[in-house]
Amino acid sequence: MSGDQGRTRVVLVDDDALVRAGLRMILGGAPDLEVVAEAADGLEGERVVDAHEPDVVLMDIRMPRRDGLETTRALMTPAARAVRAARGRELRVIVLTTFDADDMVVQALRAGAHGFLLKDTEPRRLVEAVRLVAAGEPILSPSVTATLIAHVAGPAGGSGPGDGADVRRGDASTRLAALTEREHEVALAIGRGLSNADISRELHLSVPTVKAHVSRVLDKLGADNRVQIAITVHDAGLT
């Protein structure tokens, strides 16, 4: 849901004042985005979110007093979401990290984060990510997608019969076999970290059609989010 006058309201939560200033400058150049508040740690961030009711939070992972993981979990509890829904509001969290291998990013996904970006993401992509997440589309930069897959899937662990890698590969291949040819193409694209708009261009499909395919892939694979689709593709040996 977008804020007043059709603008998306954004809160920045990061303990580095220079990072916040940079983000404010980048987002301030977009007429449809508005940075309404900032916070230097998770505790302050939760208070700021309650006070300003943003549409999107850009959340740092590592902060003093309370990190981004705990704060994301607190903001995305069913009770907190119900309170916002009663006010006609919906909150989405994008986790920002400087770490390619940060296991807290994986935990934040489970806590309810809607997107993950590295802090060195180019400004144009950052603005696009905020817009996509505000519109309800989870976003993952390709590099973060690869990191999450590697972390969650773990090492291949050898190639002998009956090892963990073979079990995962067989299970993933069986589940992917239930997809139609087009759904399979969409799943592979998600495995590469592509957004719906990217998939639309690559496969020459409309964005609504891509969204419909993604929904069916999630349902058929029993996945809760795009990262889980990507992990399945990885386990099947297709990335």
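Which residue forms a salt bridge with Glu-46? Select Glu-46 together with Arg-66: these two form the salt bridge, and their closest N and O atoms are 2.3 Å apart. A salt bridge here is a side-chain nitrogen of Lys or Arg within 4 Å of a carboxyl oxygen of Asp or Glu.

The model on display is predicted, and local features need pLDDT of at least 70, side-chain atom pairs count only at pLDDT 80 or more, while totals for chains, interfaces and linings use all residues. Residues are numbered from 1 along each chain as its sequence is written, and side-chain values use heavy atoms, with hydrogens and water left out.

**First stop: the ends of the Glu-46 pair**

Glu-46 lies in helix α2 (residues 42-52) and Arg-66 in the loop between β3 (56-60) and α3 (68-75), so this pair ties together parts that are 20 residues apart in sequence. Helices (H or I, at least four residues) and strands (E, at least two) are DSSP runs, numbered from the N terminus. Arg-66 is buried, with a relative accessible area of 19%, whereas Glu-46 counts as partly exposed at 23%. Buried means under 20% relative accessible area, exposed over 50%, and partly exposed in between (1.4 Å probe, protein chains only).

**Second stop: further salt bridges**

The whole structure contains 19 salt bridges. Select Arg-7 and Glu-34 next; their side chains meet in a salt bridge at 3.5 Å, N to O. Arg-7 lies in the segment before β1 (8-13) and Glu-34 in strand β2 (residues 33-39), so the pair ties together parts that are 27 residues apart in sequence. Arg-7 is partly exposed at 30% relative accessibility, and Glu-34 is partly exposed at 24%.

Then display Asp-14, Asp-60 and Lys-119, which are linked in a network of salt bridges.

**Third stop: strand β5**

Select residues 115-118, which make up strand β5. Are the faces of this strand covered or uncovered? Both are covered: Gly-115 and Leu-117 on one side, and Phe-116 and Leu-118 on the other, are all buried. In a regular strand the side chains alternate between the two faces of the sheet.

Add strand β4 (residues 92-97), which runs parallel to β5 and is joined to it by four bridges. Two strands pair if DSSP finds at least two bridges between them. One bridge to locate is that of Leu-96, whose partner in β5 is Leu-117.

Proceed to Glu-122, in the loop between β5 and α6 (123-134). Glu-122 is partly exposed, with a relative accessible area of 42%. Glu-122 and Ile-26 are 96 residues apart in sequence, yet 9.7 Å apart in space, C-alpha to C-alpha.

**Last stop: helices α10 and α11**

Select Glu-202 and Arg-192, which form a salt bridge whose closest N and O atoms are 2.8 Å apart. Glu-202 lies in helix α10 and Arg-192 in the loop between α9 (181-191) and α10, so the pair ties together parts that are 10 residues apart in sequence. Glu-202 is partly exposed at 37% relative accessibility, and Arg-192 is partly exposed at 45%.

Finally, show helix α10 (residues 196-203) with helix α11 (residues 207-221); their axes come within 9 Å and cross at roughly 110 degrees. That crossing makes α10 roughly perpendicular to α11. Axes are lines fitted to C-alpha atoms, for helices over the stretch in contact, and angles run from 0 to 180 degrees between N-to-C directions. Angles under 35 degrees count as roughly parallel, over 145 as roughly antiparallel, 65 to 115 as roughly perpendicular and the rest as oblique.
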